[in-house]
Amino acid sequence: NCPVILTAKSKEHALKAFQLNTVAYLLKPLTQKKLLEALNKFFVLKNIFTEIGTKHFKDRFFVSIGNKMLFFILDEIAFFLSEDKAVFLYTTDGRRFILDYTLNSLQSQLDNHLFFRINRNVLAKINAISCIKKHGNRQLLLTLASGERTHNFVVSRNKVQEFKKWIGK
């Protein structure tokens, strides 16, 4: 599971080495040039695989108001709400804007350490949660703050355990 640069006296095991994902197979006597080439190859591959494994999350959203466009960074967003076949962005200062996204697409583009899909209509940001109460039959009632206003939403019963794990991170 770790990268290997093999050195050997002969080519006897070269094919096997490459089948095992060896970075390089260097024949002895080693030269500084060949060793540097192998190390450079390792660092190039490491950077490529690091970029592939790193998910880039959306960190700002554009909204249109008439012929103007505004953008909001994540720090300004409280939650997203799907209502009447539209998705709205609610800001931390109490404003609301329509977005051209579905909640499913938003959920896949946002960092799940910051946002949680509490039910089919709401994608809540952890910083917007001002109160959590037990509610009904094994449900939770969340109060989300957006400016001076608060909004109450129920965490779906089937999401309560997952939510508790998420909130405890």
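Select Ile 118 to begin the tour of this predicted model. Leaving out neighbours within four places in sequence, Ile 118 is in contact with Ala 124, Leu 142, Phe 153, Val 154, Val 155, Ser 156, Lys 159 and Phe 163. Show those side chains as sticks.

**The largest core**

Now widen the selection. Ile 118 belongs to the largest nonpolar core, a set of 20 residues. Which of its members touch the most others? They are Phe 79, Ile 118, Val 122, Leu 144, Phe 153, Val 155 and Phe 163. Colour the elements that give two or more residues to this core:

- strands S5 (77–83) and S6 (86–91)
- strand S9 (122–125)
- strands S11 (139–146) and S12 (149–155)
- helix H4 (160–167)

There is a second, separate core of 15 residues. Phe 61, Phe 97, Leu 99 and Leu 103 are among its members. Give this core another colour.

**Val 154, a partner of Ile 118**

Go to Val 154, in strand S12. Is Val 154 buried or exposed? Neither label fits: its relative accessibility is 28%, so Val 154 counts as partly exposed. Beyond four places in sequence, Val 154 touches Ile 118, Asn 119, His 135, Gln 139, Leu 140 and Leu 141. Next, draw a distance from Val 154 to Lys 125. The two are 29 residues apart along the chain, and their C-alpha atoms are separated by 15 Å.

**Ser 146, in strand S11**

Select Ser 146, found in strand S11. Its relative accessibility is 1%, so Ser 146 counts as buried. What does Ser 146 touch, once residues up to four places away in sequence are set aside? One run of contacts is Tyr 90, Thr 91, Thr 92, Asp 93, Gly 94 and Arg 95. Ala 78, Phe 79 and His 151 complete the list. Phe 79 will be familiar from the largest core.

**Leu 106, in helix H3**

Move to helix H3, residues 103–109, and pick Leu 106. With 0% relative accessibility, Leu 106 counts as buried. Its contacts, apart from residues up to four places away, are Phe 61, Phe 80, Val 87, Leu 99, Tyr 101 and Leu 123. Two of these names, Phe 61 and Leu 99, also appear in the second core. Then draw a C-alpha line from Leu 106 to Arg 117. These residues are eleven apart in sequence and 9.9 Å apart in space.

**Backbone stops**

Switch to the backbone. Most residues other than glycine have a negative phi, and most peptide bonds are trans. Three places to check follow.

Start with the bond between Lys 28 and Pro 29. This peptide bond is cis, with omega about 0°. Pro 29 is in the loop between strand S2 (24–27) and H2.

Then select Asp 84. What is its phi? The value is near 50°, positive in a residue other than glycine. Asp 84 is in the loop between S5 and S6. Asp 84 has a relative accessible area of 75%, so this residue is exposed.

Finish with Arg 138, in the loop between strand S10 (129–135) and S11. Here too phi is positive in a residue other than glycine, near 60°. At 61% relative accessibility, Arg 138 is exposed.

**Lys 34, in helix H2**

Follow the chain to helix H2, residues 32–53, and stop at Lys 34. With a relative accessibility of 47%, Lys 34 counts as partly exposed. Link its C-alpha to that of Ala 24. The pair is ten residues apart in sequence and 9.5 Å apart in space.

**Zoom out**

Show the whole chain as a cartoon. How many helices and strands are there? The protein chain has four helices and twelve strands. Its radius of gyration is 25 Å, well over the 15 Å that the globule rule gives for 169 residues, so the chain is more spread out than a compact globule. Along the principal axes, its C-alpha atoms fill a box of roughly 75 × 45 × 25 Å.

Turn on the surface. The accessible area is about 11,800 Å², and 53% of that belongs to carbon and sulfur atoms. Of the 169 residues, 30% count as buried. Among contacts with a separation of 6 or more, 35% come from residues 24 or more positions apart.

Last, colour by charge. The chain has 27 positive and 13 negative side chains. The centres of the two sets lie 9 Å apart.

Notes. Residues numbered from 1 in each chain as written. Predicted model: local features only at pLDDT ≥ 70, side-chain atom pairs only at ≥ 80, totals over all residues. Heavy atoms only, no water. Rg over C-alpha atoms; globule rule 2.2 N^0.38 Å. Buried < 20%, exposed > 50% of the residue type's maximum accessible area, 1.4 Å probe, protein only. Contact = heavy atoms within 4.5 Å. Areas by Shrake-Rupley, 256 points an atom, 1.4 Å probe, with all protein chains shown as cover. Lys, Arg positive; Asp, Glu negative; His and termini not counted. Charge placed at Lys NZ, Arg CZ, Asp CG, Glu CD. Core = buried A, V, L, I, M, F, W, Y, C linked by side-chain atoms within 4.5 Å.
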